[in-house]
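Let's take a walk through this structure together. Have the sequence and the 3D view open, and follow along at your own pace.

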Number of protein chains: 2
Amino acid sequence: MTDMEPLDDPISRTVRAFEQLQSAEGRSAQCPVRDVLDRIGDKWSMLMIIALALRPHRFGELHRSIPDISKRMLTQTLRDLESDGLISRHVFATSPPSVEYRLTPLGTSLLTPLAALVDWADRHHGEISEARARLRDGGEAIEDEPQFAASRQ
Amino acid sequence: MTDMEPLDDPISRTVRAFEQLQSAEGRSAQCPVRDVLDRIGDKWSMLMIIALALRPHRFGELHRSIPDISKRMLTQTLRDLESDGLISRHVFATSPPSVEYRLTPLGTSLLTPLAALVDWADRHHGEISEARARLRDGGEAIEDEPQFAASRQ
DNA sequence: CGGTATCCTTCTGGATACTG
DNA sequence: CAGTATCCAGAAGGATACCG
């Protein structure tokens, strides 16, 4: 294989990001890709980003919009997203006080790849459920290639 | 805006998926989108999917490819991904035994949205680092009107 | 309203030792 | 080689109470 000019399609970029991830070598220096994925991979960030993509929300609105989050985690996740520059916090000195959160341009730019992922999940969760059901029921039936021994057990 | 025909662009689908997520109502029935995102959002799944996207791997190869994973988590994550139909497991009855893992078509179909996300992370981690640094340094300096502008907009 | 502070449980995942 | 089994520490996160 001769190495041509660096490819710039998403798959090639992903492969390079992964190789960089390999060389970054865990402990001291965190891989930037992994760093970002950890942030949006937590329990609430993605839900809050999607909620704020629909429209700006006040603290209480967000809480009603995501009913099963505690105020503790709501605050903490908002602070984390804010410190990463994905959302902005706007305080209005009304009485009672009101605070509005909205996506920044950076946060908005995340919507496109995020939407692709959510869209995939939406399209394929049926197949995933079937795969789980297949494993629960039949388990080992489907193996067909002569070179292999049957899998599992 | 006429909402006669349902829009089918990724953003519209994402909005609908989110609304479905809202109505699905947490406790008993898990939202399918959330379900999928939980799976690939864990500590190792994404790394293993990317590794298997490059080529099929045997158990030991995968272990060397992701050095800081324990055999326990390697096995567990492989089983989870297999039960979701994202990867397949092929046992060769050689001596010593060898087992190969590869992406299924379903798993391969995840690569496109995943690549979009990794690509975003790769492109924007600089901005994120700057945002964090800004917060550490300036702290409260940048905050504009903590008690001032009560006007909403 | 928009948060903090504190306590306490659950769940993740690392270390280690053993097996077919 | 490709796993299992067991134990345990630490992080994530829920419940509750309180505050400006």
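What follows goes from an annotated span to individual helices and then to single residues.

A word before we start: this is a predicted model. A good place to get your bearings is the record for chain A. UniProt, in an unreviewed entry, lists residues 31-129 of chain A as "domain: HTH hxlR-type". In the model, that span is 64% helix and 14% strand, and its end C-alpha atoms lie 33 Å apart.

Within chain A, look next at helix α5, which covers residues 71-83. Does its length fit its residue count, and what span should we expect for 13 residues at 1.5 Å a residue? The expected span is 18 Å, and the end C-alpha atoms of α5(A) are 18 Å apart, so the two agree. Colour this helix by accessibility and you will find L74(A), T77(A), L78(A), L81(A) and S83(A) as its buried residues. After the helix comes G85(A), whose phi is positive, near 80°.

Stay in chain A for a single residue, L52(A), which sits in helix α3, residues 45-54. L52(A) has a relative accessible area of 4%, and because buried means under 20%, this residue counts as buried. Who surrounds it? Setting aside neighbours within four places in sequence, L52(A) is in contact with H57(A), L62(A), I87(A), Y101(A) and L103(A). For a sense of scale, I40(A) is 12 residues from L52(A) in sequence, and their C-alpha atoms are 14 Å apart in space.

Now move over to chain B and look at how two of its helices meet. Two packed helices are described by the angle between their axes and the distance between the axes. For α3(B), residues 45-54, and α5(B), residues 71-83, the axes come within 10 Å and cross at roughly 75°. Angles of 65 to 115 degrees count as roughly perpendicular, and α3(B) and α5(B) are therefore roughly perpendicular to each other. On the α3(B) side, the contact is made by S45(B), M48(B) and I49(B), while α5(B) brings L74(B), T77(B), L78(B) and L81(B). Sorted by class, this contact has five nonpolar residues, two polar ones and no charged ones.

One of these residues deserves a closer look: T77(B), in helix α5 of chain B. Is T77(B) buried or exposed? With a relative accessible area of 2%, T77(B) is buried. Not counting residues up to four places away in sequence, T77(B) touches W44(B), S45(B) and M48(B).

Definitions and conventions:
Residues numbered from 1 in each chain as written. Chains lettered and ligands numbered in written order. Predicted model: local features only at pLDDT ≥ 70, side-chain atom pairs only at ≥ 80, totals over all residues. Heavy atoms only, no water. Helix = DSSP H or I, 4+ residues; strand = E, 2+ residues; numbered from the N terminus. Expected span 1.5 Å × (residues − 1). Buried < 20%, exposed > 50% of the residue type's maximum accessible area, 1.4 Å probe, protein only. Axes fitted to C-alpha atoms, helices over the stretch in contact; angles between N-to-C directions. Parallel < 35°, antiparallel > 145°, perpendicular 65-115°, else oblique. Contact = heavy atoms within 4.5 Å. Nonpolar A, V, L, I, M, F, W, Y, C, P; charged D, E, K, R; others polar. UniProt positions renumbered as here; feature names shortened; annotations may be inferred.
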